[in-house]
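Open the model in your viewer and keep the sequence panel beside it. This tour goes one selection at a time, and each stop tells you what to look for.

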Amino acid sequence: MMPLSSHGYEPRFAACVRGAILLEVLLSLALLVAAGLTILGLASQAAASVEAARDRALAIDLARSALAEIEAGVSSPETMSGPVESRVGQGEWGIEVETEPSQFTGLSLVEVRAIRYAGAGSEAETSSVTLQQLVRLGDDESGSPSAPAGVPASGAAGRAGGAR
């Protein structure tokens, strides 16, 4: 019988046991690093998703505000198009407004597009939202909003459209 080493193993197996322990430690570290990198990747994707949702919410808010100003007569579609000062987030924001006649008398289809550009002077878009709504744009000779025949002026502009 062979004498036992200080670890309680036979000397010829002591090197194998140390090698096996080293291999186990290296495998454990590799698994730990792989799990950490996976979690880091998921956190990065989550942060990007949160930023995209924030940008979309801000774009919807900007487009709805522009539509409300046009509908209330505070601003005209011609004056709404252009850059917007953003109080939230990074990047440059802009509004594009287009109008076209609708099949309904006295109402025009207004399309408002809120756009986030990649940076100052950049034409690359990182986010955009388009809203459409029927709006009464013109005034008649009496100074009050014109209404289609048979429809009272207070309820003529129906809500049509939404985010697309």
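What follows is a walk through a predicted model, from the overall layout to single side chains.

**Stop 1: the whole chain**

Start with a cartoon view of everything. You should find two helices and four strands in the protein chain. Following the sequence from its start, these elements come in the order α-α-β-β-β-β. The chain has 164 residues, and buried ones make up 22% of them. If you switch on a surface, you are looking at about 11,100 Å² of exposed area, 59% of it supplied by carbon and sulfur atoms. As for how the chain meets itself, take the contacts between residues at least 6 apart in sequence: 45% of these join residues at least 24 apart.

**Stop 2: the strands**

Next, select β1, which covers residues 82-84, and then add β2, residues 92-101. These two strands run antiparallel and are joined by three bridges. To see one facing pair, pick G82, which stands opposite I95 in β2.

Now add β3, residues 108-117. β2 and β3 also run antiparallel, and here 10 bridges join them. A facing pair to pick out is E98 and, opposite it in β3, E111. Move along to the hairpin of these two strands, where six residues sit between them. Click on G106 there: its phi is positive, near 85°.

While you have strands on screen, here is a general habit to keep in mind: in a regular strand, side chains alternate between the two faces of the sheet.

**Stop 3: the nonpolar core**

Show side chains for L62, I70, I95, V97, V110, V112 and A114. Within the largest nonpolar core, which has 18 residues, these are the ones with the most contacts inside it. Which elements give two or more residues to this core? They are α1 (11-72), β2, β3 and β4 (125-135). The largest share comes from α1, with eight residues.

Center the view on I95 and display what surrounds it. Apart from neighbours within four places in sequence, I95 is in contact with L62, A63 and A66, with M80, S81, G82 and V84, and with V112, R113 and A114. You have met G82 already, as the residue standing opposite I95.

**Stop 4: a charged network**

Four salt bridges are present in the structure. Select E51, D55 and R116, which are linked in a network of salt bridges.

Begin with E51 and R116, whose side chains meet with an N to O distance of 3.7 Å. This pair connects distant parts of the chain, since E51 belongs to helix α1 and R116 to strand β3, 65 residues apart. Is E51 buried or partly exposed? With a relative accessible area of 35%, E51 is partly exposed. R116, in contrast, is buried, at a relative accessible area of 8%.

Turn to D55 and R116, where the closest N and O atoms are 2.3 Å apart. D55 lies in helix α1 and R116 in strand β3, so this salt bridge ties together parts that are 61 residues apart in sequence. D55 has a relative accessible area of 6%, so it counts as buried, the cut-off being under 20%. Both partners of this pair are therefore buried by that cut-off. Display the surroundings of D55 too: leaving aside neighbours within four places in sequence, its contacts are W93, R116 and S127.

**Stop 5: a salt bridge between strands**

Select E96 and R113. Their side chains meet in a salt bridge of 3.5 Å, N to O. E96 is in strand β2 and R113 in strand β3, so the pair ties together parts 17 residues apart in sequence. Both count as partly exposed, E96 at 34% relative accessibility and R113 at 22%. R113 also appeared earlier among the contacts of I95.

**Stop 6: a nonpolar patch outside**

For the last selection, bring the surface back and color I21, L22, V25, L26, L29 and L32. Together they form a nonpolar patch on the surface with about 580 Å² of accessible area. Zoom in on I21, which lies in helix α1. I21 is partly exposed, with a relative accessible area of 48%.

Terms used. Residues are numbered from 1 along each chain as its sequence is written. This is a predicted model: local features need pLDDT of at least 70, side-chain atom pairs count only at pLDDT 80 or more; totals for chains, interfaces and linings use all residues. Side-chain values use heavy atoms; hydrogens and water are left out. A nonpolar core is a set of buried Ala, Val, Leu, Ile, Met, Phe, Trp, Tyr and Cys residues joined through side-chain atoms within 4.5 Å. Buried means under 20% relative accessible area, exposed over 50%, partly exposed in between (1.4 Å probe, protein chains only). Contact means heavy atoms within 4.5 Å. Two strands pair if DSSP finds at least two bridges between them. Patches are made of residues with over 30% relative accessible area and no salt bridge: like charges are joined within 9 Å, nonpolar side chains (Val, Leu, Ile, Met, Phe, Trp, Tyr) within 5 Å. Accessible areas come from the Shrake-Rupley method with a 1.4 Å probe; for residues, only the protein chains shown count as cover.
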